[in-house]
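Trainee: Please take me through one part of this protein in close detail. I would like to see how that part sits among its surroundings.

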Amino acid sequence: MSADRLQYEVNDSGSHYGIVAGFGELFLVVVGYAMLAALLFVKYSSGLDSRWAEAFPAFVFVASACTIYLVPFSLFPVLRELWRSHYWIHLEEDRVLARNLWKHATEIRYEDIVRIKREPHVPYLWAVTAGLDFLTADGRRIRLHRHIERFGECVQEIQKRCPNLVEVDYGGLDKKPAIWDATNKAM
């Protein structure tokens with residue numbers, strides 16, 4: 001591999017972690033509502049004995065609480081991350097070539113990158129460590145996934161090749177060795 005062409009990627013188990021987590025959480029929500037629906041059916045079709053009838057409000061509360069927590073605070077962030085992040089980065093001679101989970105390629109020339117910023121937080125992402133965005137003046141972006149091996153090295157290689165940078169803000173990610181310096185981020 002030449003010095004002008006570097007590759008960075010997410011560890012295989014790291015790239016599949018988000019998919020497994022998303023489907024697992026979706027499965028929990030579906031199973032919870034299936035159980036609630038079964039209890040409702042049994043309650044109104046044949047009646048429940050007093051033990052189940054007393055516990056029924058608890059089932060409703062648990063199903064509601066799981067939905068209120070799992071969907072906005074866990075499932076949405078995982079799906080958002082899967083949809084927007086780039087998992088494979090190729091540094092070419094004159095551009096960055098990034099691929100998302102579905103291998104869709106995004107290319108940005110080094111001279112077009114003007115900002116490096118931490119991924120913006122949204123209210124339901126409070127517990128999720130974000131990646132970094134490489135932004136152009138016209139709004140195109142490459143979002144580096146936080147599980148890319150040698151994340152800090154990748155960021156610095158891109159940064160040193162960008163002649164028109166106006167703003168660099170790592171948002172504290174450079175102070176987190178588990179993200180910045182890790183070479184094997186297996187989940």
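Mentor: Start with Tyr87, which is buried because its relative accessible area is just 1%, and buried means under 20%. Keep in mind that this is a predicted model. Next to it, Trp88 also counts as buried, at 14% relative accessibility. The rings of Tyr87 and Trp88 form a tilted aromatic pair. Their centres are 6.0 Å apart, with 45 degrees between the planes.

Now the strand. β2 covers residues 86-91, and His86 belongs to it. His86 is buried too, with a relative accessible area of 6%. Beyond its sequence neighbours, His86 touches Ala98, Arg99, Asn100 and Thr106, among others. The list also includes Arg141, Ile142, Arg143, Leu144, His145 and Ile148.

Move on to Ile89. Leaving aside residues within four places in sequence, Ile89 contacts Leu6, Gln7 and Tyr8, among others. Val96, Leu97 and Ala98 are also on its contact list. So are Ile142, Leu144, Ile148, Cys154 and Ile158.

Ile89 also belongs to the largest nonpolar core, which has 29 residues. Ile89, Leu144, Phe151 and Ile158 have the most contacts inside that core. Elements giving two or more residues to it include β1, β2 and β3. The others are β5 (113-118), β6 (132-136), β7 (141-144), α3 (151-161) and α4 (177-180).

Look at the partner strand. β1 (residues 6-9) runs antiparallel to β2, and four bridges join them. Tyr8 stands opposite Ile89. Side chains alternate along β1. Leu6 and Tyr8 point to one face and are buried. Gln7 and Glu9 point to the other face and are not buried.

Follow the His86 contacts onward. Ala98, Arg99 and Asn100 are on that contact list, and β3 spans residues 95-100. β3 pairs with β4 in the antiparallel sense, over five bridges. Arg99 stands opposite Ala105 in β4. The two strands form a hairpin with four residues between them. In the turn, Lys103 has a positive phi of about 65 degrees.

β4 (residues 105-109) has two faces. Thr106 and Ile108 make up the covered one. Ala105, Glu107 and Arg109 make up the uncovered one. Thr106 is also one of the residues that His86 touches.

Back to the rings. The structure holds three aromatic pairs. Besides Tyr87 with Trp88, Tyr170 and Trp180 form a tilted pair, 4.9 Å centre to centre and 55 degrees between the planes. This pair links distant parts of the chain, 10 residues apart. Tyr170 lies in the loop between β8 (167-169) and α4, and Trp180 lies in helix α4. Tyr170 and Trp180 are both buried. Ring pairs link Phe151, Tyr170 and Trp180 into a cluster. Phe151 brings us back to the core, where it is among the residues with the most contacts.

Finally, the setting. The protein has four helices and eight strands. Of its 187 residues, 40% count as buried. Mean pLDDT for the protein is 78, and 72% of the residues reach 70 or more. Among the elements, β4 has the highest mean, 94, and helix α1 (residues 12-45) the lowest, 69. Where pLDDT is low, predicted coordinates should not be read in detail.

Conventions
Residues numbered from 1 in each chain as written. Predicted model: local features only at pLDDT ≥ 70, side-chain atom pairs only at ≥ 80, totals over all residues. Heavy atoms only, no water. Buried < 20%, exposed > 50% of the residue type's maximum accessible area, 1.4 Å probe, protein only. Pairing = 2+ DSSP bridges. Contact = heavy atoms within 4.5 Å. Core = buried A, V, L, I, M, F, W, Y, C linked by side-chain atoms within 4.5 Å. pLDDT = per-residue confidence, 0-100. Phe/Tyr/Trp six-rings, centres within 6.5 Å; stacked < 30°, edge-to-face > 60°.
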